[in-house]
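With the model open in a viewer, follow the selections below in order, and keep a cartoon view and a side-chain view ready to switch between.

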Amino acid sequence: MGSTWDQLRSWLWPEKFPVAPWTGGPLFDSELPDSEASGIELLNDDTTPMEYVVAILRQSLGLSRREATESMLRVHFKGSARFGRMHHSRAGQLAEHIEAQVAKTDFPLTCRICEGQSTLAPEPLSKDDVA
């Protein structure tokens, strides 16, 4: 039933911003030593539509709509959010992939490599985060 619902949802609510999916491998490697671990960080700006950030997170990172929306809100309210735990080179490739997708638009969304601990999707916001 899930695939039928996904097909129906894509027909009723097509993606406003098509984004190429990331095919460069897993985003989280728990066995990677901290010294070799990196992730990516999305930075907030005042111009990029929230729907576009959700599309980037869904297509490039494979997040569900809910995870992508919660993550977009974290970027919006906290100024940035970190994703993934992978080798430095893979993080660089992922950041380049996202930057290439953003370059097809006029949006100033910034993605950069960050070192150290990250998670696939940030924890949901608390009431204090949005106050």
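Begin by selecting strands S1 and S3, which pair in the antiparallel sense over six bridges; bear in mind throughout that this is a predicted model. On the S3 side, the bridge partner of Leu42 is Cys111. Now add S2 to the selection: six bridges join S1, residues 37-43, to S2, and these two strands also run antiparallel. Returning to Leu42, you will find that its bridge partner in S2 is Ala81.

With the three strands displayed together, the sheet can be read as an open one in the order S2-S1-S3, with antiparallel pairing. Its edge strands are S2, residues 80-87, and S3, residues 110-115, each of which pairs on one side only. Looking from one strand to the next, the twist averages 25 degrees.

Next, select helix H4, residues 88-103, which packs on the sheet and touches S1, S2 and S3, its direction making about 20 degrees with that of S1. The helix has 16 residues and spans 22 Å from its first C-alpha to its last, close to the 22 Å expected at 1.5 Å a residue. Show its side chains and pick out the buried ones, namely Ala91, Gly92, Leu94, Ala95, His97, Ile98, Gln101 and Val102. Against which elements do the buried residues of H4 pack? They pack against S1, H2, S2 and S3.

Stay in H4 and centre the view on Ile98. If its neighbours within four places in sequence are left aside, Ile98 is in contact with Ile40, Leu42, Ile56, Ser60, Leu61 and Cys111.

Go back to S1 and turn on its side chains. In a regular strand the side chains alternate between the two faces of the sheet. Both faces of S1 are covered, with Ala37, Gly39, Glu41 and Leu43 buried on one side and Ser38, Ile40 and Leu42 buried on the other. The strand is thus listed as mostly covered, seven of its seven residues being buried.

Helix H2, residues 50-61, is the next selection. Its twelve residues reach 16 Å from the first C-alpha to the last, close to the 16 Å expected at 1.5 Å a residue. H2 is mostly covered, since nine of its twelve residues are buried: Tyr52, Val53, Val54, Ala55, Ile56, Leu57, Arg58, Ser60 and Leu61. Step just past the end of H2 to Gly62, which takes a positive phi of about 75 degrees.

Now bring these pieces together by looking at the largest nonpolar core, which has 23 residues, those with the most contacts inside it being Ile40, Leu42, Leu57, Leu61, Phe83 and Ile98. Two or more residues each come from S1, H2, helix H3 (65-78), S2 and H4. Which element gives the most to this core? That element is H2, with six residues. In soluble globular proteins, nonpolar side chains tend to be buried together.

Finally, colour the model by confidence. The protein averages a pLDDT of 79, and 69% of the residues score at least 70. Among its elements, S3 has the highest mean pLDDT, 92, whereas helix H1, residues 2-12, has the lowest, 56.

Key
Residues are numbered from 1 along each chain as its sequence is written. This is a predicted model: local features need pLDDT of at least 70, side-chain atom pairs count only at pLDDT 80 or more; totals for chains, interfaces and linings use all residues. Side-chain values use heavy atoms; hydrogens and water are left out. Two strands pair if DSSP finds at least two bridges between them. Helices (H or I, at least four residues) and strands (E, at least two) are DSSP runs, numbered from the N terminus. Axes are lines fitted to C-alpha atoms, for helices over the stretch in contact, and angles run from 0 to 180 degrees between N-to-C directions. Contact means heavy atoms within 4.5 Å. A nonpolar core is a set of buried Ala, Val, Leu, Ile, Met, Phe, Trp, Tyr and Cys residues joined through side-chain atoms within 4.5 Å. Buried means under 20% relative accessible area, exposed over 50%, partly exposed in between (1.4 Å probe, protein chains only). pLDDT is the predictor's confidence in each residue, from 0 to 100. The expected span of a helix is 1.5 Å times one less than its number of residues.
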